Amino acid sequence: MAHWAEGQARTNLRDEFGPREAKGVRAFVAIRMSDQVEESVAKTIDELKRPGDGVRWVPRANLHITLKFLGAAVDSHRLQQLTAGLHQLATRTAPFEVAAAGLGAFPDLEHPRAIWVGLHSVQSGALAALVARLETVAAEYRFEREKRRWSGHLTIGRVGDRSIARETREALRASQAREFGVSKIESLTLYRSHLGPDAARYEALATFLFQSR
């Protein structure tokens with residue numbers, strides 16, 4: 001994985017892809033919370049899990065905050081071009097803090113399809129501002145702008161067509177006010193997603209370090 005900071009030369013994305021892939025790359029841009037926060041979230045997931053609960057819980061290795069989904073089959077050359085914009089974005093972004101607190105679900109806890117941990121910028125609006133700048137950068141490289149309003153959250157579980165177990169729903173309600181800690185966000189990462197029968201595997205292609213001001 002490449003780590004690019006101000007003053008460092010960019011290298012090719014791994015020959016990262018080897019020969020150009022005809023089907024393209026499933027890719028997204030994301031940030032990660034601190035180890036301590038991820039550990040706290042992972043412990044909560046373990047507490048909520050129950051056999052046959054109807055939830056596909058996210059393993060700790062896959063915990064991330066998606067800032068922008070780039071596409072299911074992106075040409076690797078376009079990703080290579082985008083790295084220039086991500087590098088410039090990172091150099092213009094100062095590290096900031098995000099608190100992880102509260103459990104919820106889309107559309108709601110009665111009929112959940114995605115279960116999440118809430119996110120709250122310690123510096124007001126810092127996370128939303130980063131997402132807005134990322135949308136502008138991606139658009140410059142011909143990536144479609146997201147039409148939906150971005151809602152900051154950390155997905156911890158997904159539900160299929162069936163209803164979740166009553167005990168799980170009650171456990172979620174009991175944990176709605178739980179706090180997981182504060183993370184200092186110091187970089188963003190370009191990921192490649194490998195879909196599998198049980199769970200996706202996320203490969204970090206390049207990480208772009210924020211610059212202190």
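Colleague: How many bridges join strand 9 to strand 10, and in which sense do they run?

Modeller: Start with the terms. Strands here are DSSP runs of E with at least two residues, helices are H or I runs of at least four, and both are numbered from the N terminus. Two strands pair if DSSP finds at least two bridges between them. Now the case, in a predicted model: strand 9 (residues 187–194) and strand 10 (residues 201–209) run antiparallel and are joined by eight bridges. For a register check, take Thr189, whose bridge partner in strand 10 is Thr207. The model is predicted, so local features need pLDDT of at least 70 and side-chain atom pairs count only at pLDDT 80 or more, while totals for chains, interfaces and linings use all residues. Residues are numbered from 1 along each chain as its sequence is written, and side-chain values use heavy atoms, with hydrogens and water left out.

Colleague: What joins strand 9 to strand 10, and through how many residues?

Modeller: A hairpin makes the link, through six residues. In the wider picture, the protein chain has 10 strands and five helices.

Colleague: Which strands pair with strand 7?

Modeller: Look on both of these pairings. Strand 6 meets strand 7 in an antiparallel pairing of five bridges. There, Ile115 has Gly157 of strand 7 as its bridge partner. Strand 3 also pairs with strand 7 in the antiparallel sense, over three bridges. In that pairing Arg56 is matched with Arg158 of strand 7.

Colleague: Why is strand 7 called largely enclosed?

Modeller: Read accessibility. Buried means under 20% relative accessible area, exposed means over 50%, and partly exposed lies in between (1.4 Å probe, protein chains only). Strand 7 is largely enclosed by the rest of the structure because five of its seven residues are buried. Across the protein chain of 213 residues, buried residues make up 46%.

Colleague: Take Val117 in strand 6. Is Val117 buried or exposed?

Modeller: Val117 has 0% relative accessibility, so it counts as buried. Next, list its contacts (heavy atoms within 4.5 Å). Leaving out residues up to four places away in sequence, Val117 touches Val41, Ala100, Ala101, Gly102, Leu103, His153, Leu154, Ile156 and Phe180. The C-alpha atoms of Val117 and Leu103 are separated by 4.7 Å, though the two residues are 14 apart along the chain. Chain-wide, of the contacts with a separation of 6 or more, 78% are between residues 24 or more positions apart.

Colleague: Which residues have the most contacts inside the largest nonpolar core?

Modeller: General idea: nonpolar side chains tend to be buried together in soluble globular proteins. A nonpolar core is a set of buried Ala, Val, Leu, Ile, Met, Phe, Trp, Tyr and Cys residues joined through side-chain atoms within 4.5 Å. The largest one here has 53 residues, and Val41, Leu70, Ile156 and Leu188 have the most contacts inside it. Helix 4 gives the largest share of this core, seven residues. Look at Leu188 in detail. Beyond four places in sequence, Leu188 touches Val29, Ala30, Ile31, Leu86, Leu89, Leu130, Ala206, Thr207, Phe208 and Phe210.

Colleague: Where do the residues that line the largest pocket come from?

Modeller: A pocket, on a 1 Å grid over the protein atoms alone, is an open set of points where a 1.4 Å probe fits, with protein on both sides within 12 Å along at least five of seven lines; lining residues have an atom within 4 Å of a point. The largest pocket has 34 lining residues, and His64, Thr66, His153, Thr155 and Arg158 lie nearest its centre. Strand 2 (25–31), strand 3 (55–57), strand 4 (65–74) and strand 7 (153–159) each give two or more residues to that lining. Strand 4 has the largest share, five residues.

Colleague: And which residues lie nearest the centre of the second largest pocket?

Modeller: Ala128, Arg149, Trp150, Ser151 and Gly152 do, out of 14 lining residues. Strand 6 (114–121) and helix 4 (126–140) are the elements that give two or more residues to this lining. The largest share, four residues, belongs to helix 4.

Colleague: What about the backbone: which peptide bond is cis at Pro107?

Modeller: The bond from Phe106 to Pro107 is cis, with omega near -5 degrees. Pro107 sits in the loop between strand 5 (96–106) and strand 6.

Colleague: What phi does Arg142 have?

Modeller: A positive one, about 70 degrees, although Arg142 is not a glycine. Arg142 lies in the loop between helix 4 and strand 7. Its relative accessible area is 55%, so Arg142 is exposed.
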